[in-house]
Amino acid sequence: FILHLCCRDFAAAAAVVAAARQVFKNVGVQSWAESKVMIAVWGDEGLEMPLTDPSGRSLFQGQAAWLQEQVNSRHRRNWAKIDRFTAALRLLPAPDRLAS
């Protein structure tokens with residue numbers, strides 16, 4: 001997944017980036033303007049693989065349970081990381097105390 005966040009200023013963005021980096025490897029500022037800073041957080045539990053060959057034949061025929069477990073395992077890890085990230089965000093000070 002890719003999560004885009006809009007922060008009101010660099011102080012808020014720095015706090016969110018610090019919280020995200022506790023959990024995710026790929027976090028960064030995407031853009032900024034006068035009154036907002038855009039941050040992107042990339043989830044690192046992706047599963048990119050072909051399911052069929054070029055002719056359309058299944059590459060995992062007879063292995064549906066194994067494939068389902070692979071997908072569900074990554075899904076559970078992503079949700080666990082999202083839970084850790086949201087917990088870290090909840091520990092941040094109120095926005096009015098982040099301003100420099």
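Modeller: Before we start, a strand here is a DSSP run of E with at least two residues, and strands are numbered from the N terminus. Bear in mind that this is a predicted model.

Biologist: Fine, so which strand does C6 lie in, and which residues is C6 in contact with, leaving aside neighbours within four places in sequence?
Modeller: C6 belongs to strand β1. Once the neighbours within four places in sequence are set aside, the contacts of C6 are K36, V37 and M38.

Biologist: And how far apart in space are C6 and L89, C-alpha to C-alpha?
Modeller: Along the sequence, C6 and L89 are 83 residues apart. In space, going C-alpha to C-alpha, the distance between C6 and L89 is 14 Å.

Biologist: Let's zoom out. What pattern does the chain follow along the sequence?
Modeller: Start with the ingredients: three helices and three strands. Put in sequence order, they read β-α-β-β-α-α.

Biologist: Is the chain compact or spread out, and what is its radius of gyration?
Modeller: The C-alpha atoms fill a box of roughly 60 × 25 × 15 Å along the principal axes. For 100 residues the globule rule gives 13 Å, and the chain is well over that, so it is more spread out than a compact globule. Its radius of gyration is 18 Å.

Biologist: Which element gives the most to the largest nonpolar core?
Modeller: That core has 16 residues, and C7, V27, I39, V41 and F85 touch the most other members. At least two residues each come from β1 (2–7), α1 (10–21), β3 (36–42) and α2 (64–90). The top contributor, with six residues, is α1.

Biologist: You mentioned V27. Which residues is V27 in contact with, leaving aside neighbours within four places in sequence?
Modeller: V27 is one of the core members that touch the most others. Skipping the neighbours within four places in sequence, V27 is in contact with V17, A20, R21, I39, A40, V41 and W42.

Biologist: Now K81: is it buried or exposed, and what is its relative accessible area?
Modeller: K81 sits in helix α2. Leaving out neighbours within four places in sequence, K81 is in contact with V23, F24, D44 and E45. Buried means under 20% relative accessible area. K81 counts as buried because its relative accessible area is 14%.

Biologist: Last one: how far apart do the centres of the positive and negative side chains lie?
Modeller: There are two sets to compare, 12 positive side chains and 9 negative ones. The distance between their centres is 4 Å.

Notes
Residues numbered from 1 in each chain as written. Predicted model: local features only at pLDDT ≥ 70, side-chain atom pairs only at ≥ 80, totals over all residues. Heavy atoms only, no water. Core = buried A, V, L, I, M, F, W, Y, C linked by side-chain atoms within 4.5 Å. Buried < 20%, exposed > 50% of the residue type's maximum accessible area, 1.4 Å probe, protein only. Contact = heavy atoms within 4.5 Å. Rg over C-alpha atoms; globule rule 2.2 N^0.38 Å. Lys, Arg positive; Asp, Glu negative; His and termini not counted. Charge placed at Lys NZ, Arg CZ, Asp CG, Glu CD.
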